[in-house]
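This report covers one predicted model and takes up burial, packing, charge pairs and cysteines in turn. Please read it beside the sequence and the coordinates.

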Amino acid sequence: MEYDCGRSARTIATSLNRDGIPAPRSGGKGKGTWSFSTISGNWKRGTGILNNELYIGKLVWNRQRFVKDPDTGKRQARPNPPEAWITEDTPALRIIADDLWSRVKQRQGAIREDILSERAADPDAPQIERGHRPRYLLSGLLTCGCCGAGYIMISDSRLGCAAARNSGTCTNRKTIKRLDVEARVLDGLKTQLMHPDLVAEFIAEFHREMEKDRLEAEAGRVEAERALSKVTKEIDNIVTAITEGMFHPSMKAKMDALEAQKAAFEAKLTALPARSPVVLHPGLADVYAAKVSDLAAALNDPASRPEAVEILRGLIEKIVLSPDADAANGHVIELYGELGSILSLCSNGMCQNANARAVSAGVRQVTMVAGVGFEPTTFRL
């Protein structure tokens, strides 16, 4: 009835959360929260409270089927054609009159028509086929520092907390211009994520990992060399015996086995990595800043923008926005980056060896935050 009176699904969800009404699937224990999608759902699939025909005494089966994605192993829903649906009248379950249901359907249809009209007027509006692509440079990377929910577009130019917007479960009502966030993040990528102290700490950790690998490799090399020496000596003894006329038919089988062992040990020694120096150009931070500047400029070129966006997004793990009245635009921004990806960006011959070795040393997965060392710290962009 509230929707019929003109209230939006978001407003209704916020009111239900504020009043402490348990959400569906919360078991009546107050766990879980309402979201606008719980109410509005998907009209084609019959999901959401506003589309549940059970409320008017109709039980609909076989609306959709599930198939398994061969790549991920996850189930995915696929709608069945309407002629495959099975509808059964269940008047005992009716709780809504037909006229109320009709008015709600009419309002939903009018809203959908308005959205379609807006999309027709704006060719750049997100379409279904673009649903899995980030529309903006930082889409999907922004999170709220108060509740952990995503920061989403809440108008044509401003970002805000999704939980505060859609369910009212977060008190962070601060908003910020998307362009301001992008500009501050790009500047932070250029000036903060390659802090000299951070690079020095990474190199120190890198050397520690390399030394550990070297000691393990040296131990394996000594063992393989000792075994190879033993096998070679046995082969030499058999050869000496044969030359002295002490040949026996069993010697051939023994010699074949020893030669196979010798080849195996030689192959193992060849496969052991040779110790190589860590090659990190002393001007790595400057090279990185220049490359980010080039990428930022490439964002303005339609031809190079898709590739530039992909590379820039690859440098970022997440971005946390926290409201702060004293900060620029009312937000402190924490920028989390991945140092392995940053080194990969710089692989123009100045640090490619270091990047390759970093992967083998297992340090690429070390998550770093702009600041000093690997400990998460906050800096204001």
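Arg-178 is buried, at a relative accessible area of 19%, where buried means under 20% relative accessible area, exposed over 50% and partly exposed in between, computed with a 1.4 Å probe on protein chains only. Arg-178 belongs to helix 5; helices (H or I, at least four residues) and strands (E, at least two) are DSSP runs numbered from the N terminus. Setting aside neighbours within four places in sequence, Arg-178 is in contact with Tyr-136, Met-153, Ser-157, Arg-158 and Leu-159, contact being heavy atoms within 4.5 Å. Of these partners, Leu-159 is 19 residues from Arg-178 in sequence, with a C-alpha to C-alpha separation of 5.9 Å.

Residues are numbered from 1 along each chain as its sequence is written. Because this is a predicted model, local features need pLDDT of at least 70 and side-chain atom pairs count only at pLDDT 80 or more, while totals for chains, interfaces and linings use all residues, and side-chain values use heavy atoms, with hydrogens and water left out.

Helix 5 also takes part in the nonpolar packing. A nonpolar core here is a set of buried Ala, Val, Leu, Ile, Met, Phe, Trp, Tyr and Cys residues joined through side-chain atoms within 4.5 Å. The largest such core has 28 residues, and the members that touch the most others are Leu-138, Val-181, Ile-316 and Ile-319. Two or more residues each come from strand 5 (142-144), strand 7 (158-161), helix 4 (162-166), helix 5 (178-191), helix 8 (284-298), helix 9 (305-314), strand 9 (316-323) and strand 10 (331-338). Helix 5 gives the largest share, four residues. The contacts of Ile-319, not counting residues up to four places away in sequence, are Leu-138, Leu-141, Leu-142, Thr-143, Val-185, Ile-333, Glu-334 and Leu-335. Another core, of eleven residues, lies apart from the largest one. Its members include Tyr-3, Ile-12, Ala-23 and Val-104.

Helix 7 has a buried side and an exposed one. Its 22 residues should span 32 Å at 1.5 Å a residue, and the end C-alpha atoms are 32 Å apart, in agreement; the expected span is 1.5 Å times one less than the number of residues. Met-251, Met-255, Leu-258 and Leu-269 are the buried residues named in helix 7. They cover an arc of only 70° around the axis, so they sit on the same side of helix 7, the arc being that of the directions from the helix axis to the C-beta atoms. Lys-252, Ala-253 and Ala-271 are exposed on the other side of helix 7.

Charge pairs come next. A salt bridge is a side-chain nitrogen of Lys or Arg within 4 Å of a carboxyl oxygen of Asp or Glu, and by this rule there are seven. The table lists three, including one from helix 7.

| Salt bridge | Closest N to O distance |
|---|---|
| Arg-63 and Glu-53 | 2.4 Å |
| Asp-99 and Arg-103 | 3.8 Å |
| Lys-252 and Asp-256 | 3.3 Å |

Arg-63 lies in the loop between strand 1 (58-61) and strand 2 (64-68) and Glu-53 in the loop between helix 2 (36-40) and strand 1, so this pair ties together parts ten residues apart in sequence. Arg-63 is buried at 14% relative accessibility, whereas Glu-53 is partly exposed at 22%. Asp-99 and Arg-103 are four residues apart in helix 3 (residues 98-121), or about one helical turn. Asp-99 is partly exposed at 48% relative accessibility, as is Arg-103 at 37%. Lys-252 and Asp-256 are likewise four residues apart, about one turn, in helix 7 (residues 250-271). Lys-252 is exposed, with a relative accessible area of 53%, and Asp-256 is partly exposed, at 44%.

The loop between strand 1 and strand 2 also holds Asn-62. Phi of Asn-62 is near 65°, a positive value in a residue other than glycine. Most residues other than glycine have a negative phi. Asn-62 is partly exposed, at 37% relative accessibility.

How many disulfides does a search of the whole structure find? The search finds zero, a disulfide being a pair of cysteine sulfur atoms within 2.5 Å. Cys-144 is in no disulfide, and the nearest cysteine sulfur, that of Cys-161, is 3.9 Å away. Cys-144 is buried, at 3% relative accessibility. The sulfur of Cys-147 is 3.6 Å from its closest cysteine sulfur, in Cys-161, which is too far for a bond. Cys-147 is partly exposed, with a relative accessible area of 39%.
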